[in-house]
Amino acid sequence: HLIPLSTLYVSLEPCLHFGKTPPCTERIIAEGIKKVVVGCSDPNPLVSGKGIQYLRQNGADVFENHLQNEARYLIRPFCANLNGLPYIVLKWAASKDGYIGKQREQIWLTNNYSKMLVHKWRTESDGILVGKNTLLTDIPRLTVRDVPGKNPLRIVADRQLRTISFLNEHYPGQHWLILNQVRDGNFGPLQLIRYHNDENLEAGLRLLFDHGIHTLLVEGGNELLNSMINAGLWHEARVFSTAHILTEGIKAPQLEGKLHQQRQIGIDKLHVILNPSLHYD
């Protein structure tokens, strides 16, 4: 048996409690693994160093904080979920002169390679959120078509609940979730989730988390994106800069953050920006 002679590398401290699965630490000891390299300790108060302590008490050599910054970056959705929020990714594309579109007109700015990448992101998301105006103007499908994978749950932020008839007309029989400030309940395949008038959007996002939306991709529009940016309700932004010139239209959101990555996607440039108030390193 080679397993007892092996070194186990983990990004996150092995757990010591029963959740959906038994404790990882017990299995590690049962398999006879004597050397464990841990990227970072678990921020969950249920663990928080107890897993490492248990391993050491049962004869394992544990090496802590190996590539700690990289490990913390890997677990960023997990950390967001510990705070009762989905991991929120904002996404938009901007023209060379700083516009994301035109009023009441559907415009494509990115190339096909960027579009495929966005569809891949959708497969990695539990939910995809748009604002009411984007829904009414673009009639977006918000599905995965260019890559294999599962469609995210489609969500529209519609405070006054004005999109029910529109959704029934343009998406007959299709399941949507409407985040609103009017009422809860179901309207055919449409699920209504209410957050109260005296609450801000954060309350609605926490309700989405309670409904199983642990990763959320926000694809616009401008009003929704700006409201989330101004409230600090985002963890990561993925922004495409394109070569198009629009000369006028809807101004792209302004975002201050930490540039984590930029790369060329065909003629588009992708910027991945992290919320500076969150610490990954």
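**Reading helix H5, the cysteines and a small sheet**

Q: What span should helix H5 have at 1.5 Å a residue?
A: Helices (H or I, at least four residues) and strands (E, at least two) are DSSP runs, numbered from the N terminus. The expected span is 1.5 Å times one less than the number of residues. For the twelve residues of H5 (residues 112-123) that gives 16 Å, and the end C-alpha atoms are 17 Å apart, which agrees. This is a predicted model: local features need pLDDT of at least 70, side-chain atom pairs count only at pLDDT 80 or more, and totals for chains, interfaces and linings use all residues. Residues are numbered from 1 along each chain as its sequence is written, and side-chain values use heavy atoms, without hydrogens and water.

Q: Which residues of H5 are buried?
A: Buried means under 20% relative accessible area, exposed over 50%, partly exposed in between (1.4 Å probe, protein chains only). In H5 the buried residues are Ser114, Leu117, Val118, His119, Trp121 and Arg122.

Q: How many disulfides does a search of the whole structure find?
A: A disulfide is a covalent bond between the sulfur atoms of two cysteines; here the cut-off is a pair of cysteine sulfur atoms within 2.5 Å. The search finds zero. The closest cysteine sulfur to that of Cys24 belongs to Cys15, at 3.6 Å, too far for a bond. Cys24 counts as partly exposed because its relative accessibility is 36%. Cys40 is buried, with a relative accessible area of 1%.

Q: What is the order of strands in the open sheet of three?
A: Strands of a sheet pair through backbone hydrogen bonds, either parallel or antiparallel. Two strands pair if DSSP finds at least two bridges between them. The order here is E1-E2-E3, with parallel pairing.
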